Amino acid sequence: MEAALRDDELDLGLAFSDVRSEDIEWHALHSERLCLLAAASNPVLRSGDITASRLCQEELILLDESFVTRQTIDAHFRRYDIKPRIAVEASSISAIVGLVRTSRLVSILPDLLAREHKGLSAKPLAPPIPTRRVALLQR
């Protein structure tokens, strides 16, 4: 994205990490934390911490591998040797939210979604995925 901004192919961009190019300005918009997202009635929310072993017991619906969010989640799984049970992959956050809200499937998405969508709750992972910054980039 930074190269596209530098080459005037883009006017603005949104990114999750710090900018590495000196000629690109960035403005932090907010920070977000990836958490377990589940229907508010899902029993997993009443259990203890969402540890690696607990996470492996749940059927997940995740964004497909083309998303940076999924790549971040997969890196976390590798770092902690988590072998997830991925039941569904999707290319739409709204589809994931809908399925999580109406089933026992859980996901890993920004905790902000639980505040924006009625019937969902978020629970932190242990160990957590590092918080990431969302920034507006421009040249």
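# A walk through the predicted fold

Asp81 sits in the loop that runs between helix 3 (68-79) and strand 5 (85-90). It is a good place to start, since the backbone there catches the eye: phi of Asp81 is positive, about 55°, although the residue is not a glycine. The side of the story told by accessibility is simple, as Asp81 has a relative accessible area of 55% and is therefore exposed, the cut-off being over 50%. Please keep in mind that what you are looking at is a predicted model.

A second residue can be visited in the same spirit. Asp8 lies in the loop between helix 1 (2-6) and strand 1, and its phi is near 60°, again a positive value in a residue other than glycine. With a relative accessible area of 58%, Asp8 is exposed. One more backbone feature belongs on this tour: the peptide bond between Ala126 and Pro127 is cis, with omega at about 5°. Look for Pro127 in the loop between strand 7 (120-123) and strand 8.

Now step back and take in the whole chain. The protein has five helices and eight strands, and along the sequence they follow one another as α-β-β-β-α-β-α-β-α-β-α-β-β. Taken along the principal axes, the C-alpha atoms fill a box of roughly 50 × 30 × 20 Å. Of the 139 residues, 39% are buried. The exposed surface comes to about 7700 Å², and carbon and sulfur atoms supply 51% of that area. The contacts also say something about how the chain comes together: among those between residues at least 6 apart in sequence, 73% join residues at least 24 apart.

Let us turn to the sheets. Strands of a sheet pair through backbone hydrogen bonds, in either a parallel or an antiparallel way. One open sheet here is made of three strands in the order 1-8-2, with antiparallel pairing. Its edges are strand 1 (12-15) and strand 2 (25-32), each of which pairs on one side only. On average, neighbouring strands in this sheet are turned by 20° against each other, direction ignored. Between strand 1 and strand 8 (residues 132-138) there are four bridges, and the two strands run antiparallel. If you would like a register mark, find Leu12, whose bridge partner in strand 8 is Gln138.

Another open sheet also has three strands, this time in the order 6-3-7, and its pairing is antiparallel. Strand 6 (107-110) and strand 7 form the edges, each pairing on one side only. Here neighbouring strands are turned by 50° against each other on average, direction ignored. Strand 3 (residues 34-39) runs antiparallel to strand 6, and four bridges join the two. Within that pairing, Leu36 stands opposite Ile108 of strand 6. A helix accompanies this sheet: helix 4 (residues 93-102) lies across strand 3, strand 6 and strand 7, and runs at about 50° to strand 3.

Finally, consider the charged side chains. The whole structure holds ten salt bridges. One of them brings us back to the 1-8-2 sheet, where the side chains of Glu32 and Arg132 meet with N to O at 2.7 Å. This pair ties together distant parts of the chain, with Glu32 in strand 2 and Arg132 in strand 8, 100 residues apart. Are the partners buried or exposed? Glu32 has 9% relative accessibility, under the 20% cut-off, so Glu32 counts as buried. Arg132, at 8%, counts as buried too.

A salt bridge between Arg54 and Glu58 has its closest N and O atoms 2.7 Å apart. Arg54 is buried because its relative accessible area of 18% falls under 20%, and Glu58, at 8%, is likewise buried. Arg70 pairs with Glu65, and there the closest N and O atoms are 3.8 Å apart. With a relative accessible area of 3%, Arg70 is buried. The Arg70 pair does not stand alone, for salt bridges with shared partners join Glu65, Arg70, Asp74 and Glu89 into one network.

Technical notes
Residues numbered from 1 in each chain as written. Predicted model: local features only at pLDDT ≥ 70, side-chain atom pairs only at ≥ 80, totals over all residues. Heavy atoms only, no water. Pairing = 2+ DSSP bridges. Axes fitted to C-alpha atoms, helices over the stretch in contact; angles between N-to-C directions. Salt bridge = Lys/Arg side-chain N within 4 Å of Asp/Glu carboxyl O. Buried < 20%, exposed > 50% of the residue type's maximum accessible area, 1.4 Å probe, protein only. Contact = heavy atoms within 4.5 Å. Areas by Shrake-Rupley, 256 points an atom, 1.4 Å probe, with all protein chains shown as cover.
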